[in-house]
Amino acid sequence: MSTKVCVINFKGGVGKTTLTIHLATYLASVKKKKVLVIDIDHQSSLSIVLLGGELWEQKANENKTINRLFESYCKRTVAIPGNEIIIQNPFHLKDSRYNFYPNLDMVPAQFELDNTEIELASTTIGSPTYAEWEKRTLIASWLDKVKAHEIYDYIIYDCPPATKLVSQNAVSASDFYIIPVIPDEMSSRGVSHFQELVKNNINQKLEFYRKSAPVNAKDVPINYVPSIKLAGIVPFMVKSSGRAISGIVNIHTRQMDELQTRWGDKYVEVNVKNMVGVPESIESGWPVWNTYVRNATPAVKQMMTTVCENIYSRLK
Ligand SMILES: Nc1ncnc2c1ncn2[C@@H]1O[C@H](COP(=O)(O)OP(=O)(O)OP(=O)(O)O)[C@@H](O)[C@H]1O
Ligand SMILES: [Mg+2]
């Protein structure tokens, strides 16, 4: 059985995609695990980084993306996809000179997913309660169909900054979630709200639909997880400052202290600093470990390794 993990936050631009890319490549290389990363964000940032623009466009034009799965619910003429939406070894496919991550596969996203999600919300097939259940467990059912749980050690979702139906599909097919958070007042406040949302609005509601539909036990996907666990809150893009004793700007120091007090051992005690070299690596299409851009220094690489090691130990 795979360990399934959502990298999620309802706030945008906090480092979800950056963390997903590094965690997935770390697990696939350092830990030699078989990893599937699923881009469920219509912005498709992760897909574009992993595949490069040209290859991603080709996959999007062929509708060989996660969009197909959601479309197949809304339009019954569209067949439920199988494993043709899985791209094996995307980094190698993008640049055949390198083969750093033969253990890493992916399912890309495409822009149209945004519109498909709107259609999904307004489509009801069968009894309304059953439809609510089915619409939120499409990913879990698809994982069953392609037997992903027998193939992959880890399945990681890069989520959009939202908790609507597509994200709910990832939550209902995940054992753990990780929240990257920029430690400022606005971002930190959102974490408590977000955690409540996951527990009450996603997990509990879905269990309610399952019981009241009712869904036969044999129809519940084996990849469905009724109760997701918070693996950790990772401070992201923490700003260093030359003057402060902590070496970190005051507002970040304050908010990190508050997060630690509030979240205890869920607070990830190592953090990702805002560093030159991270966006440059991502833009060049590789995690920091494989880029030779001048600013991806050993310190940047070590920082990402330390954070991924810490998260790995929490996914148990
Ligand atoms: N440690 C870092 N230091 C500097 N810049 C970073 C760091 N981590 C991420 N960034 C940059 O910050 C921006 C936002 O990061 P990212 O795309 O990972 O966030 P996101 O939460 O996935 O955003 P979205 O909500 O739009 O999906 C990107 O340009 C990324 O390159
Ligand atoms: Mg993102």
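**Exercise 1. Determine whether Ser-44 is buried or exposed in this predicted model, and describe its surroundings.**

Solution.
Step 1. Ser-44 has a relative accessible area of 0%. The cut-off for a buried residue is under 20%, so Ser-44 is buried.
Step 2. In the chain, Ser-44 belongs to the loop that lies between β2 and α2 (45–51).
Step 3. A polar atom of the Ser-44 side chain is found 2.9 Å from the backbone oxygen of His-42.
Step 4. When neighbours within four places in sequence are set aside, the contacts of Ser-44 are Asp-39, Trp-56, Ala-109, Gln-110 and Phe-111.

**Exercise 2. State in which order the eight strands of the open sheet are arranged, and identify the edge strands.**

Solution.
Step 1. The order reads β3-β4-β2-β5-β1-β6-β7-β8, and the pairing is mixed.
Step 2. β3 and β8 (272–273) are the edge strands, since each of them pairs on one side only.
Step 3. As background to the next exercises, the strands of a sheet pair through backbone hydrogen bonds, in either a parallel or an antiparallel manner.

**Exercise 3. Analyse strand β4 (residues 104–107): which way do its residues point, and which strands does β4 pair with?**

Solution.
Step 1. Leu-104 and Met-106 point one way from β4, while Asp-105 and Val-107 point the other way. All of these residues are buried.
Step 2. β4 runs parallel to strand β2 (residues 35–39), to which four bridges join it. Within this pairing, Asp-105 has Leu-36 opposite.
Step 3. With strand β3 (residues 87–88), β4 forms an antiparallel pair over two bridges. Here Gln-88 is the residue opposite Asp-105.
Step 4. Asp-105 of β4 thus stands opposite Leu-36 and also opposite Gln-88.

**Exercise 4. Place strand β6 (residues 176–181) in the sheet and describe the environment of Phe-176.**

Solution.
Step 1. β6 and strand β1 (residues 3–7) are paired in the parallel sense, over three bridges. One facing pair consists of Val-7 and Ile-178 of β6.
Step 2. Helix α12 (residues 250–263) packs on the sheet and touches β6 and β7 (229–238). The direction of α12 makes about 175 degrees with that of β7.
Step 3. Phe-176 is located in β6. Its relative accessibility is 8%, and therefore Phe-176 counts as buried.
Step 4. Apart from neighbours within four places in sequence, Phe-176 has contacts that include Thr-3, Lys-4, Val-5 and Cys-6, as well as Ile-228, Lys-229 and Ala-231. Arg-314, Leu-315 and Lys-316 are also among them.
Step 5. Arg-314 is 138 residues from Phe-176 along the chain, but their C-alpha atoms are separated by 9.1 Å.

**Exercise 5. Describe the site of ligand 1: how many residues surround it, and which are the closest?**

Solution.
Step 1. Ligand 1 is surrounded by 18 residues, of which Val-14, Lys-16, Thr-17, Thr-18 and Lys-273 are the closest.
Step 2. Lys-16 places a polar side-chain atom 2.7 Å from an oxygen atom of ligand 1. For Thr-18, the distance from a polar side-chain atom to an oxygen atom of ligand 1 is 2.6 Å.
Step 3. Met-275 contributes a polar backbone atom, which lies 3.0 Å from a nitrogen atom of ligand 1.
Step 4. On its own, ligand 1 has 630 Å² of accessible area, and the protein covers 80% of that area.

**Exercise 6. List the buried residues of helix α8 (residues 138–145) and characterise Lys-147.**

Solution.
Step 1. In α8, the buried residues are Leu-138, Ile-139, Ala-140, Trp-142 and Leu-143.
Step 2. Lys-147 follows α8 and has a positive phi, near 55 degrees.

Conventions
Residues are numbered from 1 along each chain as its sequence is written. Chains are lettered from A and ligands numbered from 1 in the order in which they are written. This is a predicted model: local features need pLDDT of at least 70, side-chain atom pairs count only at pLDDT 80 or more; totals for chains, interfaces and linings use all residues. Side-chain values use heavy atoms; hydrogens and water are left out. Buried means under 20% relative accessible area, exposed over 50%, partly exposed in between (1.4 Å probe, protein chains only). Two strands pair if DSSP finds at least two bridges between them. Contact means heavy atoms within 4.5 Å. Axes are lines fitted to C-alpha atoms, for helices over the stretch in contact, and angles run from 0 to 180 degrees between N-to-C directions. A residue is near a molecule or strand if one of its heavy atoms lies within 4 Å of it. A polar contact is a pair of N or O atoms within 3.5 Å; within protein, one must be able to donate a hydrogen and the other to accept it, and residues adjacent in sequence count only if both atoms are side-chain atoms. Accessible areas come from the Shrake-Rupley method with a 1.4 Å probe; for residues, only the protein chains shown count as cover.
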